[in-house]
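This report describes selected features of the structure shown below. It turns from backbone geometry to helix packing and then to the nonpolar cores.

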Amino acid sequence: MESLFRCPICREPLTREERRYLCPRNHSFDLAAAGHTHLLPSNKMHSQNPGDDKAMAAARNRFLSGGYYAPLAWRLSELTLRYTGEAPVVYDSGCGEGYYTAELLRALQSAGRSPRMAGIDISKECLRRAAKRAREIEFAVASAYDLPFADESGDFLLNCFSPLALDEFRRVLRPGGVFAYVVPGARHLYEMKEILYDAPYENEEKETPYEGFSYLGIESVDERIHLPDPDTIRALFTMTPYFWKTPKEGRERLEAREELDVTISFRVHLFERVDS
């Protein structure tokens, strides 16, 4: 079948076969057993296994599958329905293990839409889980800064806590297409930060215009969730940036907690791609 992906070598369209992707110039990319492919050229990889490792991918999958961030998934689904038509092309840049991508697909199909969807991430461990989560979606290991999509081909692009590759987002979205950029709100996970750090601070919130896009607005998602056990607390901690920069004392304080109530706060910045 015709794919949403383009060959990372020659930029020709790819066709998905039973066990591989193939372009007209015979560049071939194998399909992994899970159902994803690898479109990140070796000369653009900064390490042998970039992105989230197996443990981090497992933690992310466990936490998100528990529904703790469902309020954000619901809002993103509403926005996708609002800003797309009957047969949209939807991209997820930095899709991780595919939780939000799969939720958008479910919402669109439940509304009677006929979407075509693709997600990319640099972590093959995350992509293995994403491909198993939603077989109808195409997933590939690829870079946000070199998206394997055709020019002006997308109707809606999601970027959730992932690299902001604005030049590529402008390139792959059609004029009138919508870009949803999810960032943390001021008090996101603040109660966890109070445990981890002696002097926690709120996240900065600001509106930043971007060339080639017009601002449609900002949607807020604010909830309080209960983490019922140490495993769930650890899973959330592992999928945050704090995992990499928390001192030993803070980690020990968090590991001592049996349960935790914590604020989740997201801001979804919405942009429309305008003609150059």
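## Backbone, helix packing and cores

Glu-152 is partly exposed, with a relative accessible area of 45% (buried means under 20%, exposed over 50%, partly exposed in between, using a 1.4 Å probe and protein chains only). The model is predicted: local features need pLDDT of at least 70, side-chain atom pairs count only at pLDDT 80 or more, and totals for chains, interfaces and linings use all residues. Residues are numbered from 1 along each chain as its sequence is written, and side-chain values use heavy atoms, with hydrogens and water left out.

Two residues that are not glycine have a positive phi; helices (H or I, at least four residues) and strands (E, at least two) are DSSP runs, numbered from the N terminus.

| Residue | Phi | Loop between | Relative accessible area |
|---|---|---|---|
| Asn-26 | about 70° | E3 (20–22) and E4 (28–30) | 60%, exposed |
| Glu-152 | about 50° | E8 (138–141) and E9 (154–160) | 45%, partly exposed |

Helix H1 (residues 54–65) packs against helix H7 (residues 230–238) at an angle of about 120°, with axes 8 Å apart; axes are lines fitted to C-alpha atoms over the stretch in contact, and angles run from 0 to 180 degrees between N-to-C directions. In this contact (heavy atoms within 4.5 Å), Met-56, Ala-59, Arg-62 and Phe-63 of H1 meet Asp-231, Thr-232, Ala-235, Leu-236 and Thr-238 of H7.

Phe-63 is also among the residues with the most contacts inside the largest nonpolar core, which has 55 residues; such a core is a set of buried Ala, Val, Leu, Ile, Met, Phe, Trp, Tyr and Cys residues joined through side-chain atoms within 4.5 Å. Apart from this core lies another, of 31 residues, including Leu-4 and Phe-271.
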